[in-house]
Amino acid sequence: IEIASSSDARPLHFTARADLGGRSPTADGEPIPAIRERCTRSADVAGFYALAADFGMVFGESFRCIARASKGRGEALVEAKLPTGSRRGGTTGLPIDPGLLDAVFQSAFFSVEEGFDGPHVPVRAKAVRIHGDLGSNLVIHVRAVAQASDGFTFDYRLLAPSGAVIGEIEALTFQRIEAVRGRSALAERSINIFEPVWLPDAAVG
């Protein structure tokens with residue numbers, strides 16, 4: 001799989017290999033109570049979303065799926081669920097709802113002791129394995145496995161509330177991006193991640 005800006009594959013933004021088959025065998029997972037014994041410090045979820053907004057990453061309700069989080073040493077246990085009244089559950093035809101997937105990415109913040117010093121975006125992963133439908137309630141066990149000058153790398157186990165492992169992400173790397181912080185006039189004019197581009201549409205009739 002390749003995603004590029006033009007038909008001649010330049011610039012190339014994304015490459016991946018997908019293996020299509022039956023459902024993967026369920027992986028063995030550490031019981032949730034054992035993880036919870038190490039992740040004993042309650043984390044401030046509302047504070048995380050406020051900090052993200054300060055960095056110019058404002059999440060709407062559909063992408064505020066983290067309900068609670070607890071921190072350990074280099075790891076975190078995060079509970080995520082679709083917002084009450086959401087009409088997306090079970091209607092996307094995807095193994096995971098986009099908002100819940102973003103909650104998986106967001107959960108990395110809680111496993112870094114000092115937190116992130118700026119906005120980070122996922123840029124690559126070694127492997128992603130989905131063992132079944134992730135549903136509308138998810139328990140995420142995330143571990144920080146590497147740190148570089150411009151980002152972090154994490155391993156994830158995605159668990160059903162029962163503790164069954166229903167997904168894994170191996171070596172997901174986040175890279176720091178530069179952003180104007182705060183609510184200043186300069187920040188309001190800045191574009192931290194996406195830039196709108198207007199293209200002429202074909203004439204009708």
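## Helix α2 and the salt bridges of a predicted model

Among the elements covering the buried residues of α2 are β4 (66-71) and α3 (98-106). This is a predicted model, so here is a quick walk through what it shows, beginning with that helix.

**Around α2**

Helix α2 spans residues 45-54, and its buried residues are Val-45, Phe-48, Tyr-49, Ala-52 and Ala-53. Why do they sit on the same side of α2? Because the arc they cover around the axis is only 135°.

The two ends of the helix are worth a look as well. At the start of α2, Asp-44 has a side-chain oxygen within 3.4 Å of the backbone nitrogen of Ala-46. After α2 comes Gly-56, and its phi is positive, near 90°.

**The overall layout**

Zooming out, the protein is built from four helices and 10 strands. Their order along the sequence is β-β-α-β-α-β-β-α-β-β-β-β-β-α. Of the 205 residues in the protein, 36% are buried.

How much of the contact set joins residues at least 24 apart? Counting contacts between residues at least 6 apart in sequence, the share is 63%. As for the surface, the protein exposes about 12,800 Å², with 53% of that supplied by carbon and sulfur atoms.

**Salt bridges**

How many salt bridges does a search of the whole structure find? The count is nine. Three of these pairs are set out below, each with its N to O distance.

| Acidic residue | Basic residue | N to O distance |
|---|---|---|
| Glu-79 | Arg-36 | 3.7 Å |
| Glu-75 | Arg-38 | 2.6 Å |
| Glu-170 | Lys-126 | 3.5 Å |

Take Glu-79 and Arg-36, whose side chains meet in a salt bridge. This pair links distant parts of the chain, with Glu-79 in strand β5 (residues 75-81) and Arg-36 in helix α1 (residues 32-38), 43 residues apart. Glu-79 has 21% relative accessibility, so it counts as partly exposed. Arg-36 is partly exposed too, at 40% relative accessibility.

Next, Glu-75 forms a salt bridge with Arg-38, and their closest N and O atoms are 2.6 Å apart. Here again distant parts of the chain are linked: Glu-75 belongs to strand β5 and Arg-38 to helix α1, 37 residues apart. Is Glu-75 buried or exposed? Its relative accessibility is 7%, so Glu-75 counts as buried. Arg-38, on the other hand, has a relative accessible area of 37% and is partly exposed.

The third pair in the table brings together the side chains of Glu-170 and Lys-126. Glu-170 lies in strand β10 (residues 165-176), while Lys-126 is in the loop between β6 (120-124) and β7 (127-130), so their salt bridge ties together parts that are 44 residues apart in sequence. With 25% relative accessibility, Glu-170 counts as partly exposed. Lys-126 is exposed, its relative accessible area being 63%.

Finally, which residues do salt bridges that share partners join into one network? They are Glu-30, Arg-38 and Glu-75. Two members of that network are already familiar from the table, Glu-75 and Arg-38.

Technical notes: Residues are numbered from 1 along each chain as its sequence is written. This is a predicted model: local features need pLDDT of at least 70, side-chain atom pairs count only at pLDDT 80 or more; totals for chains, interfaces and linings use all residues. Side-chain values use heavy atoms; hydrogens and water are left out. Buried means under 20% relative accessible area, exposed over 50%, partly exposed in between (1.4 Å probe, protein chains only). The arc is that of the directions from the helix axis to the C-beta atoms. Contact means heavy atoms within 4.5 Å. A polar contact is a pair of N or O atoms within 3.5 Å; within protein, one must be able to donate a hydrogen and the other to accept it, and residues adjacent in sequence count only if both atoms are side-chain atoms. A salt bridge is a side-chain nitrogen of Lys or Arg within 4 Å of a carboxyl oxygen of Asp or Glu. Accessible areas come from the Shrake-Rupley method with a 1.4 Å probe; for residues, only the protein chains shown count as cover.
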